[in-house]
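Please consider the chain shown here. The paragraphs after it proceed from the strands to the ligand, then to the loops and a pocket.

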Amino acid sequence: VTGTLAHPFAERWNHNAHYYPRLAAAVPADAGVVLDIGCGDGTLARYLARPGRMVLGLDPDGPSPASTPAPGVHLAVGTAEELPCADSSVDAVTMVMVLHHTDALRALAEIRRVLRPGGTALVLGYGRSDGPRDAAYELRDLLWHRRLSRRTVAWEPGVAVADPAGTWAEARALLRSELPGGTYRRLPLWRYLYTWRRPR
Ligand SMILES: C[S@@+](CC[C@H](N)C(=O)[O-])C[C@H]1O[C@@H](n2cnc3c(N)ncnc32)[C@H](O)[C@@H]1O
């Protein structure tokens, strides 16, 4: 490591935390109820906390011993397929590297159900490489990783990880069919971001 990374998570940087500032900026400022599905140790849930906002972080593994409490943040046991939230009760949903762990059709149906009309869903995930187009993106991913990891050490939060079952194209097609009208972006560092607003 030869320098310092100018990033709020420089000390706990990894390919997910890299995108937390981008996700936080994409959650509407007036979102009063935010749900982080598959929250792991709750790092993102805490980062999304704001005065006047309630952030609920759910994970089947529940809050880890490393999870520190924060005002307005509740970490609980729960799964993406059965969200403990009323219909149309959530202003924004974040789900980071979780979709490939879930029964995706059920998880995405739950997001449609709990988001209020006009609410925002942000799904960050990845896919399996398939073909030359993915290879080109993955070369970019590797170059970004090399450049950034010269300035920090990747952090392993010790949460469950799994290989993606589907390709990048399959993940995109699934999201477009289950959360129609959203925006898919392939991002550096082996990630996509799908942004969806529930129609009013
Ligand atoms: C790769 S980790 C990502 C953790 C965190 N979102 C982050 O940004 O680092 C995947 C998380 O998904 C959780 N998970 C696994 N199956 C799940 C399910 N069915 N519903 C919700 N979360 C699940 C795991 O317990 C784990 O914390």
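**From paired strands to ligand and pocket**

In this predicted model, strand β1 (residues 33-37) is joined to β2 by 5 bridges, and the two strands run parallel. Within that pairing, Asp 36 of the chain has Gly 57 in β2 standing opposite. On to the next partner: β2 also pairs with strand β3 (residues 73-77), again in the parallel sense and over 5 bridges. Gly 57 takes part here too, with Leu 75 in β3 as its bridge partner. Gly 57 is thus a convenient reference point for the reader, since it stands opposite Asp 36 and is bridged to Leu 75.

How much of strand β2 is buried? Of the 6 residues in β2 (residues 54-59), 5 are buried, so this strand is largely enclosed by the rest of the structure. The cut-off behind that statement is a relative accessible area under 20%.

A further parallel pairing involves β4 (90-96) and β5, which are joined by 6 bridges. Met 95 has Val 123 in β5 as its bridge partner. Strand β5 (residues 115-125) is mostly covered, with 9 of its 11 residues buried. The sense of pairing changes with β6 and β7: strand β6 (residues 183-187) and strand β7 (residues 191-197) pair in the antiparallel sense, over 5 bridges. Arg 185 stands opposite Leu 193 in β7. The hairpin formed by β6 and β7 has 3 residues between the strands, and Leu 189 in this hairpin takes a positive phi near 70°.

The ligand comes next. Around it are 18 residues, of which Tyr 20, Gly 38, Asp 59, Ala 80 and Glu 81 come nearest. Which residues place polar atoms close to ligand nitrogen or oxygen atoms? From the backbone of Ala 80, an N or O atom lies 2.9 Å from a nitrogen atom of the ligand. Val 96 likewise contributes a polar backbone atom, which is 3.0 Å from a nitrogen atom of the ligand. Asn 16 contributes through its side chain, a polar atom of which lies 3.4 Å from an oxygen atom of the ligand.

Two loop residues call for attention on account of their backbone angles. Ser 88 is not a glycine, yet its phi is positive, at about 50°. This residue is found in the loop between β3 and β4. Ser 88 has a relative accessibility of 34% and therefore counts as partly exposed. Met 97, which is not a glycine either, has a positive phi of about 60°. The loop that holds Met 97 runs between β4 and α3 (104-114). Is Met 97 buried or exposed? Its relative accessibility is 13%, so Met 97 counts as buried.

Contacts between distant parts of the chain can be followed from Leu 5. This residue is found in the segment before α1 (20-26), and Leu 5 is buried, with a relative accessible area of 8%. Along the chain, Leu 5 and Thr 152 are 147 residues apart, yet their C-alpha atoms are separated by 6.1 Å. Thr 152 is found in the loop between α4 (132-149) and α5, and is buried as well, with a relative accessible area of 7%. A second separation starts from Thr 152: its C-alpha atom and that of Gly 166, 14 residues apart along the chain, are separated by 30 Å.

Gly 166 leads to the second largest pocket, where it is one of the lining residues that lie nearest the centre, together with Leu 99, His 100, Ala 165 and Leu 174. The lining has 13 residues in total, and the space in this pocket amounts to about 200 Å³. By class, 8 of the lining residues are nonpolar, 4 are polar and 1 is charged. Which helix gives the most to this lining? Helix α5 (residues 168-178) does, with 3 residues.

Helix α5 also holds Glu 178. This residue is buried, with a relative accessible area of 17%. The side chain of Glu 178 is joined to that of Ser 177 by a polar contact of 2.8 Å.

Key
Residues numbered from 1 in each chain as written. Predicted model: local features only at pLDDT ≥ 70, side-chain atom pairs only at ≥ 80, totals over all residues. Heavy atoms only, no water. 1 Å grid on protein atoms, 1.4 Å probe; cavity = no way out; pocket = protein on both sides within 12 Å on 5 of 7 lines; lining within 4 Å. Points joined across faces, edges and corners; volume = space filled by probe spheres on them. Helix = DSSP H or I, 4+ residues; strand = E, 2+ residues; numbered from the N terminus. Nonpolar A, V, L, I, M, F, W, Y, C, P; charged D, E, K, R; others polar. Buried < 20%, exposed > 50% of the residue type's maximum accessible area, 1.4 Å probe, protein only. Pairing = 2+ DSSP bridges. Near = heavy atom within 4 Å. Polar contact = N/O pair within 3.5 Å; in protein donor to acceptor, adjacent residues only side chain to side chain.
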